[in-house]
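The exercises below concern the contacts between chains and between domains. Work through each task before reading its solution.

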Amino acid sequence: MTEPAFRYIGRKRRPKEDRRFVAGAGRFVADLALPDMLHVALVASPYPAARIRAIDTGAALALPGVRAVLTGEDLAQATDALLSGLDIPKVRRFPLAVGRARYVGEWVAAVVAETRAIAEDAAELVDVDYEPLPFVIDPEAALLPDAPLVHPEHGSNLLYRRTFTWGAVAQDFAAAEHSLSFRARWHRSATVPIETFGVIASWDAQARLLDVWASIQMPKYPDQLARALRLPGNAVRVHFDVDVGGAYGVKRGIKHSVLAGYLACKLGAPVRLIEDRLENMRGGDAHGPDRIFDVAVAFTGEGVVRSLRLRALDDAGAYAGRAPLQLGKPVGAIVGPYRIASVEYEAISVTTNKTVQEAVRGFGQSPTNFALETMMDRVACALGIDRVELRRRNLIARDEFPYTIPSGSTYDSGDYHAVLAKALDAVGYDALVARRAAARAAGKLAGIGIACCLEPSGGNSAFEPLFNPKNETTTWMESCSVKVDLSGTITAAMATSSSGQGHETLVATVIGEVLERDPETIRVVHSDSLAALPSNSAVGSRMAIMLGGAAAGAARALKATLLAIAAHNLGADTAVLDWREGGVRLSADPSRALSWEALVEIAHRKFHLLPPGMAPGLQAMHVWEVPTGGGLPSADGRIQMYPCYAFEAHVVYAELDRDTGQVALGTYVIGHDCGTMINPDIVHGMTYGGAAHGIGAALYERFRYDANGQLVSGSFMDYLIPSAHEVPNITIVDHYTPSPLTAFGQKGSGEAGYLGAPAALASAVNDALATLGLGVAELPMSASALGELLAATARPEEKAP
Amino acid sequence: MSEHDVTLTVNGRRRRARVPARLTLVDFLREHLRLTGTHAGCEHGVCGACSVLLDGRPVRSCLIFAVQAQGAEITTVEGLAPEPGALSVLQDSFCEAHGLQCGFCTPGMLIAAEALLRTTLSPSEAEIRDAIGGNLCRCTGYKQIVDAVRLAAERLRGSNLAGAGHD
Ligand code: FES
Ligand code: FES
């Protein structure tokens with residue numbers, strides 16, 4: 001399909017946001033300073049489980065400059081528990097531990113002082129009397145009958161369990177010629193932005209208004225904050241013009257914000273809480289999925305996959321957080337890009353004495369994709385079919401769209417075969433296979449990784465009612481307002497903050513496209529939450545679709561108004577008018593025209609020239625629901641999850657060092673189809689970055705706990721984020737299949753790269769290991785893990801033939 | 001807590017202050033001088049977000065105490081542009097190549113790249129990756145940062161005024 005010609009969309013244009021950042025003029029939360037601002041430091045639990053018998057704050061309070069020490073008991077009296085996505089009323093979570101600490105690093109008390117340094121000194125003086133308790137850090141052990149209970153009141157460590165059956169699974173397995181099963185493990189990692197979470201709260205006692213500046217990316221954050229603080233919704237004003245230093249899902253410091261908000265109200269002074277790196281990694285509650293997959297697959301002798309049984313056991317950590325729901329979103333792409341007729345999915349969420357999870361890029365989809373792609377490789381291997389060919393035989397074909405999968409979601413559009421072919425072409429697949437053969441002949445462990453993965457996009461919250469029938473939320477709107485001022489310049493307002501996705505560029509480009517005005521001249525502001533229209537923030541890969549759609553809707557409404565003004569003044573029907581760069585003329589007689597300036601003048605100053613009944617000024621807003629959204633799940637759990645489905649095909653070459661277990665990546669190509677790209681540089685950037693993040697999850701990054709329940713990777717020295725040395729030069733090949741559901745055919749892309757890279761790297765490493773008869777189904781495939789695996793096997797030349 | 005006088009030059013401007021011995025240079029720049037372009041990502045010397053030039057060499061300002069910078073010439077990201085409101089060739093190249101997303105690591109990346117381009121205007125890709133290899137970016141996967149530095153080098157080579165807009 002050839003791309004339609006757009007004026008601004010899809011063209012190389014500098015993102016609007018970049019300039020302030022390169023000048024060092026970004027406005028991050030830690031850059032703000034309010035007069036008389038106080039600083040918070042936290043006292044963290046050294047135990048994975050302990051009863052808090054007493055907290056002696058005397059010595060800390062005696063330190064000059066210390067203003068308050070807050071304990072969990074005090075805070076829990078004055079605030080409501082944080083919301084959980086599940087119906088588990090006995091698993092209550094507050095910003096500070098109440099009565100019992102449940103993981104190492106959990107915040108037990110907060111110290112407020114005139115400087116952060118004093119607060120840290122005082123935090124060390126807070127004397128907590130702990131009674132250590134039995135704990136559990138292994139999710140399977142947590143389900144055993146005698147396991148220590150993380151929340152004794154809840155009566156079990158099981159937070160959620162449901163088995164969904166979609167289609168004739170038992171029959172399909174019984175009828176299949178072949179089946180196989182395996183276990184795959186996705187260890188705990190996260191997005192770990194370079195900026196930690198931070199929040200500043202300031203209470204105006206006269207106005208009864210709490211002002212909040214935060215490094216936030218969270219749906220309904222102002223509402224949840226107000227509820228927890230027992231304030232009316234309009235007593236909390238969140239300033240969304242704060243630049244967020246990376247988020248990718250996790251910047252949801254609701255507990256930090258409730259804590260800072262409470263302290264600001266109580267102390268009558270602005271309070272700032274900026275996590276340090278250790279607070280962030282241990283107690284920031286921003287870990288990601290931690291999953292054991294048990295997979296069984298039924299297939300024919302030709303390699304056609306018929307049915308799938310997938311059991312996903314996820315270790316949520318000490319409180320539910322968003323973890324259980326991250327088992328829900330993958331329901332919307334549970335068969336990946338493949339034509340699989342029936343599926344059984346068992347989702348299990350378990351609580352253990354580990355740090356709490358937050359939403360992580362893809363919301364559970366990347367681990368699921370890893371399990372699915374491992375499955376495809378194993379089927380290929382079992383039958384001796386080429387892995388690419390096997391995928392070709394199972395990919396949904398372009399003429400099958402819209403395609404409804406067994407779990408109820410309909411994929412909007414795609415051409416998976418074409419994207420895969422493009423990626424193979426770009427990589428020079430035959431030459432790559434020859435290179436692998438040559439490397440192997442030279443005694444190297446070389447492999448090629450293949451992965452075909454989906455990115456469900458247009459974020460909806462359909463997993464909420466799916467996992468909690470008491471939650472009937474089916475609305476998940478996004479909004480934009482646009483106005484033209486007296487001078488004729490355009491200002492648009494979006495209703496949430498951004499963390500590097502280029503939303504200002506997105507909105508300006510879309511409005512510029514509709515109105516044919518230069519996006520360069522359009523200003524985009526982030527409204528504060530009281531001025532803003534409803535938003536569900538930049539989650540679920542939704543903003544190109546949802547904010548782009550909202551901006552397009554508002555711009556179209558404005559255009560309709562201007563056309564109506566023109567029609568009235570030119571004495572013609574709108575049907576015979578032409579729109580040219582904001583001016584309007586008669587199609588038949590271009591000399592009869594009204595310029596943009598003239599139309600703006602009429603709208604703002606010449607009420608006598610306005611069509612009867614039209615409101616003066618030039619402004620429009622558009623609030624819209626996620627396309628295909630709005631439905632509740634069926635009794636058997638079928639639901640339309642997200643509306644749009646982007647596709648990516650990864651091909652990557654890797655070599656393993658036999659002695660060190662290190663993986664070196666070579667050529668890496670990603671074929672990518674996210675429909676229309678509003679700004680290609682932004683889309684490509686997120687895809688490169690997502691792939692880098694996926695490389696980290698596949699090879700390096702892990703929140704590792706020792707047998708004592710201690711987090712042993714709580715800094716950048718031991719939690720290894722890939723640098724420019726580890727991330728290869730990736731090539732992206734674009735393909736274009738528009739979505740029929742969106743304003744310009746765009747799909748989401750904020751999770752691109754990350755959704756396929758772990759699967760692709762696992763595929764490459766396994767391809768290399770297969771030459772030794774070895775395999776690995778555990779991420780990250782760290783050098784030490786692979787080294788051990790290799791050490792256990794003699795070199796081929798050392799083996800008897 | 002002992003306090004000390006420190007005098008140093010930051011972005012060409014002489015600064016004098018009395019600071020606690022334990023105050024790090026990054027906190028001094030950010031909190032005392034309100035030069036918030038320099039960021040703190042880890043405060044343990046790994047991420048590079050806090051990089052500044054100290055007497056022309058890139059250093060991690062979270063690992064240095066302000067008092068240790070006595071007499072030094074410091075350049076922060078705010079000091080890269082030739083004049084207020086303008087951008088250096090390097091900064092402009094980051095915009096052109098979109099060598100950033102959230103912008104949090106960007107000041108450190110610019111400092112690392114600036115230090116490289118002061119030593120060579122024909123860096124190979126490996127040299128560029130080496131130069132920024134101690135700076136973590138979670139957004140970009142580094143590709144467009146490498147492109148940006150390469151573009152800046154090209155432009156600076158191309159202009160007969162190599163180094164224009166630098167310093
Ligand atoms: S803040 Fe200095 S290296 Fe990370
Ligand atoms: S641009 Fe966000 S961390 Fe580098």
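Three exercises follow, each with a worked solution, and all of them rest on a predicted model.

**Exercise 1. The interface of chain A and chain B**

Task: Describe the contact between chain A and chain B by its residues, its buried area and its polar pairs.

Solution:

Step 1. Begin with the residues in contact. Chain A contributes 56 residues and chain B contributes 48.

Step 2. Turn to the area. Chain A and chain B bury about 4,200 Å² between them, and carbon and sulfur atoms give 54% of this. On the chain A side, the residues that lose the most area to chain B are R14(A), V22(A) and I194(A), which together make up 17% of what that side buries.

Step 3. Count the charged and polar pairs. There are six salt bridges between chain A and chain B. One pair joined in this way is R14(A) with D92(B), at 2.9 Å from N to O; this distance lies within the 4 Å cut-off, so the pair counts as a salt bridge. R14(A) thus appears both among the residues that lose the most area and in a salt bridge. Polar contacts link 22 residue pairs across the interface, with both residues at pLDDT 80 or more.

Step 4. Assign the chain A side to elements. Two or more residues each come from α1 (18–22), α4 (116–123) and α17 (680–699) of chain A. The largest share, nine residues, belongs to α17(A).

Step 5. Sort the chain A side by residue class. It holds 29 nonpolar, 15 polar and twelve charged residues.

**Exercise 2. Domain 1 and domain 2 of chain A**

Task: State how chain A is divided, then describe the contact between domain 1 of chain A and domain 2 of chain A.

Solution:

Step 1. Set out the domains. Chain A has domain 1 (18–23 + 477–624), domain 2 (32–133 + 197–274) and domain 3 (291–462 + 632–796).

Step 2. Place the two domains in question. The centres of domain 1 of chain A and domain 2 of chain A, taken over C-alpha atoms, are 40 Å apart.

Step 3. Describe the contact. It takes 18 residues from domain 1 of chain A and 21 residues from domain 2 of chain A. The buried area is about 1,400 Å², with 53% on carbon and sulfur atoms.

Step 4. Look for pairs. The rule finds one salt bridge between these domains. R20(A) and D243(A) meet in a salt bridge through their side chains, at 2.7 Å from N to O. Six residue pairs are in polar contact, both residues at pLDDT 80 or more.

Step 5. Sort the domain 1 side. Its residues divide into five nonpolar, eleven polar and two charged.

**Exercise 3. The two domains of chain B**

Task: Which elements of domain 1 of chain B give two or more residues to the side that touches domain 2 of chain B?

Solution:

Step 1. Fix the bounds. Domain 1 of chain B covers 3–80 and domain 2 of chain B covers 89–162. Their centres, taken over C-alpha atoms, are 22 Å apart.

Step 2. Describe the contact. Domain 1 of chain B gives 18 residues and domain 2 of chain B gives 13 residues. About 1,300 Å² is buried between them, 67% of it on carbon and sulfur atoms.

Step 3. Check the pairs. The rule finds zero salt bridges across this interface, but four residue pairs in polar contact, both residues at pLDDT 80 or more.

Step 4. Name the elements. They are β3 (51–54) and β4 (57–60) of chain B. The largest share, three residues, comes from β3(B).

Step 5. Sort the domain 1 side. Nine of its residues are nonpolar, eight are polar and one is charged.

Terms used: Residues numbered from 1 in each chain as written. Chains lettered and ligands numbered in written order. Predicted model: local features only at pLDDT ≥ 70, side-chain atom pairs only at ≥ 80, totals over all residues. Heavy atoms only, no water. Domains from an automatic or database assignment. Contact = heavy atoms within 4.5 Å. Buried area = accessible area lost by both parts, 1.4 Å probe. Polar contact = N/O pair within 3.5 Å; in protein donor to acceptor, adjacent residues only side chain to side chain. Helix = DSSP H or I, 4+ residues; strand = E, 2+ residues; numbered from the N terminus. Nonpolar A, V, L, I, M, F, W, Y, C, P; charged D, E, K, R; others polar.
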